[in-house]
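Thanks for coming. I have one structure to go through today, so let me put it on the screen.

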Amino acid sequence: MTISRARLILLACASGLLYPLSFPAFDLGIVAWFALVPLHIAVEYLSPGRAFRIGWLSGTLAFTGSMFWVITAMNVYGKVPFPIATLVMLLLTVYLGLYMAVYAGGLSWIRTAFPTLGFLPAPFLWVTLELIRTYFLSGLPWALFGYSQYQWLPIIQLADHFGVYGVSFLLVLVNSALAETIIWGFKAYRGFQIRSFPWPSSVAATAGFSVALFYGTTLLSSVQHVPTRTLSVGVVQPNVEQAQKWDVAFRQETMARYDRLTAGLGDNLDLIVWPEAATPFVFEMEPQYRAVVNDMARRSGAPLLFGSPALRRHPDGRPFLLNSAYLLATDGQILGRYDKQHLVPFGEYIPFHNSFLFFLDKLVEGIGDFEAGPGSTLLMFKPRGKNPPAVTAATLTDFHVKFGVVICYEVIFPNLVRQFAANGADFMVTVTNDAWFGPSSAPYQHFGMVVFRAVENHVAFARAANTGISGFIDPYGRVVQQSPIFTQEALRGTIAVSHQQTFYSQYGDLFAYACAILIALLCLTGYFSHDTEPAGGEPAGRPA
């Protein structure tokens, strides 16, 4: 049985257009449960080579729809001419589309080698490719399929074992079962001799979905009654325009805005958080403005966490910058500093800037290229008047809370955040400057990823963003508060302090690596046992 080329292209385009609808700001998460069905149907009738090309088309459309905001970031804030910004965005999405091309081509190849498996290998292959995308070429795990479900809390609780990859796995499993059922029904309707109903994929999808929903619902119900220690935290969203952020003439206005918003948080806070690069100066190098920040911390009566560049020098004297977050005591003492580990390519440094990308400049305005920090440093402070269970008055002076900080782009990397939880973080803070995203879907997509980091590790998050979204997320992904974008806000919230570690916190992406190993073994077995490209161009072993 064959299908016309036009219909195959329409099927590929359908999946490419449905995929971004499941993410913010469309937020049609339910679409993800059938978005890949058209692509799977197309793969059924294609050889691996043709499936690769169709998958590339579908993937390029999917990621263009998900990452159209790149043009805004480069053109409006990076001052890159619009045609060049559009070209760079297309090059990026064509690259990301390759992952869906490999998925479609690989799935066709596996179905040729193992026709009795149907679409069952599909979710294992998908997760393997998402894992590769997380690390290859510095990594870009944006718009991983599982993120589309960030609002459906019961179904995403399985991330505490399997990470976001587990949710992606379940989505692809359901898509595969639906596609197999539709293909079977269509062939039966057309009167073709076909094998029996595809029970394995249908049973696997139904069981997987039911177990995930039961686990999540039960977990969320049980934690309603578990007492937790809490902290009072304030976050400040100053809404400083990107064009003014590093303008020396605007410094006083920026600091006055922070002063007013911080004072508006009130008293009796345990911690106050400002966004990434909050100070429009190098904190350690500007005594006059450093005194202003110290005075704000003193008057607020709470430790202050804020972002600022840090200037350091190599052994040979060459200067370099760190994108840092300082924890400042009320007496002006620096309690600790975290330096960003995973920098943003083209935002904080230009890859290959000394060779073929010499003509590009950074998107984020600043004073030079940044270098990566040393690792997952935990910060520590003593909360105001908190007496934790099993701690006596005699030992109260020794009690401190430990927390981790991730800066901007870092929060999209599951294993990076996991390292803080594994090292004993009681809660997490993420600070960011999303101004350069503009009024696009990117701030909403970025915020949704924080929900997964909370669920994966069962740690609460406080988020301070220059232009939003700022807010608080509890250890099970429930958004307690969130601000609108491009407004001045001062939010005060209560976050849980927890020492528990999830399976994911302890063992990381074990599930994703297991998927990769299984796919590798399957491919090796198929390569040495089957002819993958039969004569006539149609995939072998697929009954009409």
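I'll begin with one residue: K79, just after helix 4, takes a positive phi of about 60°. Before going further, note that this is a predicted model.

Stay with helix 4 for a moment. The helix spans residues 69–77, and its buried residues are W69, V70, I71, A73, M74 and Y77. What covers them? Among the elements over those buried residues of helix 4 are helix 3, at 48–66, helix 5, at 82–113, and helix 13, at 442–457. Keep helix 13 in mind, as I will return to that element with the second sheet.

Now the overall picture. The protein has 15 helices and twelve strands. Of its 544 residues, 57% are buried. If you take contacts between residues at least 6 apart in sequence, 71% of them join residues at least 24 apart. The exposed area of the protein is about 21,900 Å², with 64% of that supplied by carbon and sulfur atoms.

On to the sheets. One is an open sheet of six strands with mixed pairing, and the order is 5-4-3-2-1-12. Strand 5, residues 334–339, and strand 12, residues 489–497, are at the edges, each with pairing on one side only. From one strand to the next, the twist averages 40°. At the strand 5 edge, the partner is strand 4, residues 319–328; the two are antiparallel and share five bridges. Within that pairing, S324 is opposite D339 of strand 5.

What lies across this sheet at the other end of the order? Helix 10, residues 251–263, lies across strand 1 (229–237), strand 2 (271–273) and strand 12. Its direction is at about 145° to strand 1.

The other sheet I want to show is also open, six-stranded and mixed, in the order 6-7-8-9-10-11. Here the edges are strand 6, at 379–381, and strand 11, at 479–482, each pairing on one side only. Direction ignored, neighbouring strands are turned by 25° against each other on average. Strand 11 pairs with strand 10, residues 471–473, in the antiparallel sense over three bridges. In that pair, G471 has Q482 of strand 11 as its bridge partner.

Which helices pack here? Helix 13, the element I asked you to remember, packs on this sheet and touches strand 8, strand 9, strand 10 and strand 11. Its direction makes about 160° with that of strand 9. So helix 13 is part of the cover over the buried residues of helix 4 and also packs on this sheet. Helix 12, residues 414–422, lies across strand 7 (401–407), strand 8 (427–432) and strand 9 (461–465), and runs at about 165° to strand 7.

Last, the surface of helix 15. I517, L521, L524, Y527 and F528 make a nonpolar surface patch of about 610 Å². L521 sits in helix 15, residues 510–529. Is L521 buried or exposed? L521 is exposed, because its relative accessible area is 52% and the cut-off for exposed is over 50%.

C523 is in helix 15 as well. With 29% relative accessibility, C523 counts as partly exposed. Leaving aside residues up to four places away in sequence, C523 touches W109 and I110. The C-alpha atoms of C523 and A113 are 8.7 Å apart, although 410 residues separate them along the chain.

That is what I had to show.

How values were computed:
Residues numbered from 1 in each chain as written. Predicted model: local features only at pLDDT ≥ 70, side-chain atom pairs only at ≥ 80, totals over all residues. Heavy atoms only, no water. Pairing = 2+ DSSP bridges. Helix = DSSP H or I, 4+ residues; strand = E, 2+ residues; numbered from the N terminus. Axes fitted to C-alpha atoms, helices over the stretch in contact; angles between N-to-C directions. Contact = heavy atoms within 4.5 Å. Patch = residues over 30% accessible without salt bridge, like charges linked within 9 Å, V, L, I, M, F, W, Y side chains within 5 Å. Areas by Shrake-Rupley, 256 points an atom, 1.4 Å probe, with all protein chains shown as cover. Salt bridge = Lys/Arg side-chain N within 4 Å of Asp/Glu carboxyl O. Buried < 20%, exposed > 50% of the residue type's maximum accessible area, 1.4 Å probe, protein only.
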